[in-house]
Structures are given as structure tokens and as C-alpha cells.
Amino acid sequence: MRLVILGGPGAGKGTQANKLCNYFQIPLVSIGDILREAIAAETKLGKKAQPYVAKGELVPDMTMIKFVRDRLLQPDTKNGWLLDGYPRTAFQAEELDFLLDHLQQKLDWAIFLNVPEDVLIQRCKNREYRRTDDEPEIVKRRIDLFNQRTIPLLEYYEYYQRQRLISVHGEQTPEAIFQEVLTQIKTQ
């Protein structure tokens, strides 16, 4: 199973990603974790990404594509994966398709956790383990970027990828969201 999970900051992507990875026995490819590790290790790509992450901006497409390519070429992803935090733009989605073609793989589903903006902001404020990118002004910027650049991905996965989009109401309990995602995967 090869999945992408989409949603604004605080939508519950991490929670659902972990549940889905456990269920399907696939690795989680968390772009946020990869970026934070690369920045902390001061790798070449980490140094390129750091100024953008610090401001809550999207890391440039070509840098992100390199991160994803490097990760999907690792042996543990051969039989499936779940991408959390990528793609964030239509260009990145197209580049992911090209990469998957090269790897002779295909995306099974893009899962969208639909959560209202005010709920996203409140969830980020209430996180137990707050990160630097959970500061109110950075959260607001991340939500604005999500609305501008990521929302068009829904159309991409719904229409251009032959109805590969699963959309769920993200204000339910984590278990209800998980069950709804599984139901939609099994019935479509």
C-alpha cells in the first residue's frame, strides 16, 4: 500500500499515519521528521531547508524532491509506504508521479483530513509536545500556505489521478477517522 496523507497543521495526520502504517505494515515517511533530522545534522539538504522551516515557509520544490527521492530509494519502502508532509504542491505531486513511474510503483490513495481552520489553530495551541513551528504566527502562515498551495492537490488527486482521493471529516475521534479511511479504501 502506497499512501499520501494531506491536511493542515494539527489535522491529525501524524496520528492517522501511525495507525495506517501499523495496520498495513508499511514505513512512515514523515517529511517533517526527515527535515528536522537533516537540519539538526546540518546536512547539505538540511542547511538548504532550515531557513524556510524556521519561518513556516514551504521548502523549495527541488529540495523537497531530493529528500523524497533519497527516502523512497531506501530498501524498506520497496513494498509500500505512507508519505506525511509531501507532496505540498501540484508540481511536487507530478514529480512524485514521475519518481514512482521510475521506481515502477503507483500511488494507491491520497487521504485528506478535512478540518476547519479554527480547529487547526486550537489543536496546534494545545499540543502536548509543542514544536517551534507550532508558534501562533507560524501556524497561521502554515495554514495560509496549506490553503493556497496544498488545497489544489485535492483536485489533482480527485480528477487527474483517476479518483485517488479519500476525504474524511477530521473532527471525529481518531478511531472513527481511521475506521472511515479503512472503509473507503476497502470499498473503492
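**Exercise 1. Describe how helices α3 and α4 pack against each other.**

Solution. Start with the geometry: the axes of helix α3 (residues 44-55) and helix α4 (residues 61-72) cross at roughly 140° and come within 10 Å, where axes are lines fitted to C-alpha atoms, for helices over the stretch in contact, and angles run from 0 to 180 degrees between N-to-C directions. Helices (H or I, at least four residues) and strands (E, at least two) are DSSP runs, numbered from the N terminus. The model is predicted, so local features need pLDDT of at least 70 and side-chain atom pairs count only at pLDDT 80 or more, while totals for chains, interfaces and linings use all residues. Residues are numbered from 1 along each chain as its sequence is written, and side-chain values use heavy atoms, with hydrogens and water left out.

Next, classify the angle: α3 and α4 are therefore oblique to each other, given that angles under 35 degrees count as roughly parallel, over 145 as roughly antiparallel, 65 to 115 as roughly perpendicular and the rest as oblique.

Finally, list the contacts (heavy atoms within 4.5 Å): Leu45, Gly46, Lys48 and Ala49 of α3 meet Thr63, Lys66, Phe67 and Asp70 of α4. These residues divide into three nonpolar, two polar and three charged, with Ala, Val, Leu, Ile, Met, Phe, Trp, Tyr, Cys and Pro counted as nonpolar, Asp, Glu, Lys and Arg as charged, and the others, Gly among them, as polar.

**Exercise 2. Characterise the aromatic pair of phenylalanine 112 and phenylalanine 146, after counting the aromatic pairs.**

Solution. Rings of Phe, Tyr and Trp (its six-membered ring) pair if their centres lie within 6.5 Å; planes under 30 degrees apart count as stacked, over 60 as edge-to-face and the rest as tilted. By this rule there are four aromatic pairs. One of them, tyrosine 23 with phenylalanine 24, is edge-to-face, at 4.9 Å centre to centre and 85° between the planes. The pair of phenylalanine 112 and phenylalanine 146 is stacked, with 6.4 Å centre to centre and 20° between the planes. This pair links distant parts of the chain, 34 residues apart, as phenylalanine 112 belongs to strand β4 (residues 109-114) and phenylalanine 146 to helix α7 (residues 136-160). Both phenylalanine 112 and phenylalanine 146 are buried, where buried means under 20% relative accessible area, exposed over 50% and partly exposed in between (1.4 Å probe, protein chains only).

**Exercise 3. Where does glutamate 42 lie, and is this residue buried or exposed?**

Solution. Glutamate 42 is found in the loop between α2 (31-40) and α3, and has a phi near 55°, a positive value in a residue other than glycine. With a relative accessible area of 55%, glutamate 42 is exposed.
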